[in-house]
Amino acid sequence: MMTSDISTVIPDRRDWATAFKALRRLLADANDTQQVFRIMRALNAGTAKAGYLRLLRTADGGRLAYERVELAERFSDPAFVAQFGEGTVGAAYAEFLRTTGYSATGLAEVSKIDGVDLNVRHPYLWYGRRMRDTHDIWHILTGYRADEPLGELCLVAFSYAQTRGLGWAFIAVGGAFKSLRVRGGKQVRRAIREGYLRGKNAAWLPGEDYERLLAEPLDAARARLNIPDPTAYRMARESVGRAAVRADGTMPVTFS
C-alpha cells in the first residue's frame, strides 16, 4: 500500500544504515537501480526543498513551477520526442531511448519503492520528479553513457556538484573505493573527479526549461551550459581495457 505522508516521502533526517545497505547492493549489481532511489531518500534530506527554492530565483523558475509540467508524461509521448530536428538535444534523446530501451515512465516505475508515493501533490515532490525525469537528459549533455557503471559513477559525481545532494556523493565515493580493486582504477577515479568538476563549473541544469532545451542543437547547448568534452572519462574507458568493452561499446564493469 502506497503512503502519501509527506514526512515519509521527503524525510528530514538522514538514514545512514539504509544508505550503506543500499550502496552495498548497488555496487554488487549496478543494474539494481532501486538502490539509487533508496540512497537518495536516505541521504538527500532537504535537497528537494533547497533546489525548488533556488529554481524560483531563476529567470524562468517561477513560470516552470507555476506550470508544473510532469516531464515523465511529456518525455513518454512518442510524438513529442519525434519532433526534434537532427543534431538537437531532443534528437539525441530519441536515439538514446531507441538504443537503450530506456523510458521516462520506466524510470518512474523503478522509483516506486518501499510503498512511497512520489506522486504526492507537493512542490518539493514535483521538483524531485523533475530531477528524476531529466536524469537521462543529463547523460546526453555530459556524454556519460547510461548503460555502464562508469558512466553512471561520473554522472552521480556531476549530479552532486549540481545539487549538493549527499546521496550522489555517497555513490560516487563508494564507486571510487571499489575502483581500487579493478584494472585502470586510477583512471576511473580521475574520471569521477572530472565529473564533479564538470558539474561544479557547468550552468545549473535544474533551472533549465527542458522543453526548450530539447530543441537546441546539442553542441550549442553544451557550449552554453559550459559542459566540455569528458576527456578523463574517455581515457578511463580505454584504461579499463578493450577486452572489457562489449561489441556494442558498453563496459560491463561492476566494481564488485
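**Helix H8 and the nonpolar core around it**

The buried residues of H8 (under 20% relative accessible area with a 1.4 Å probe, protein chains only) pack against helix H6 (71–75), helix H7 (78–82), helix H9 (104–110), helix H11 (135–142), helix H15 (210–213) and helix H16 (218–224), where contact means heavy atoms within 4.5 Å. This is a predicted model, in which local features need pLDDT of at least 70 and side-chain atom pairs count only at pLDDT 80 or more, while totals for chains, interfaces and linings use all residues. Residues are numbered from 1 along each chain as its sequence is written, and side-chain values use heavy atoms, with hydrogens and water left out.

The residues of H8 that are buried are Val-89, Gly-90, Tyr-93, Phe-96 and Leu-97. Because they cover an arc of only 110 degrees around the axis, they lie on the same side of H8, the arc being that of the directions from the helix axis to the C-beta atoms. Just after H8, Gly-101 adopts a positive phi of about 80 degrees.

Tyr-93 also belongs to the residues with the most contacts inside the largest nonpolar core, which has 57 residues, and Phe-75 is another of them; such a core is a set of buried Ala, Val, Leu, Ile, Met, Phe, Trp, Tyr and Cys residues joined through side-chain atoms within 4.5 Å. Helix H12 (residues 149–163) gives this core its largest share, eight residues. Leaving aside residues up to four places away in sequence, Phe-75 touches, among others, Tyr-93, Leu-97, Ile-137 and Tyr-210.

Over the chain of 256 residues, 50% count as buried.

Note on methods. Helix = DSSP H or I, 4+ residues; strand = E, 2+ residues; numbered from the N terminus.
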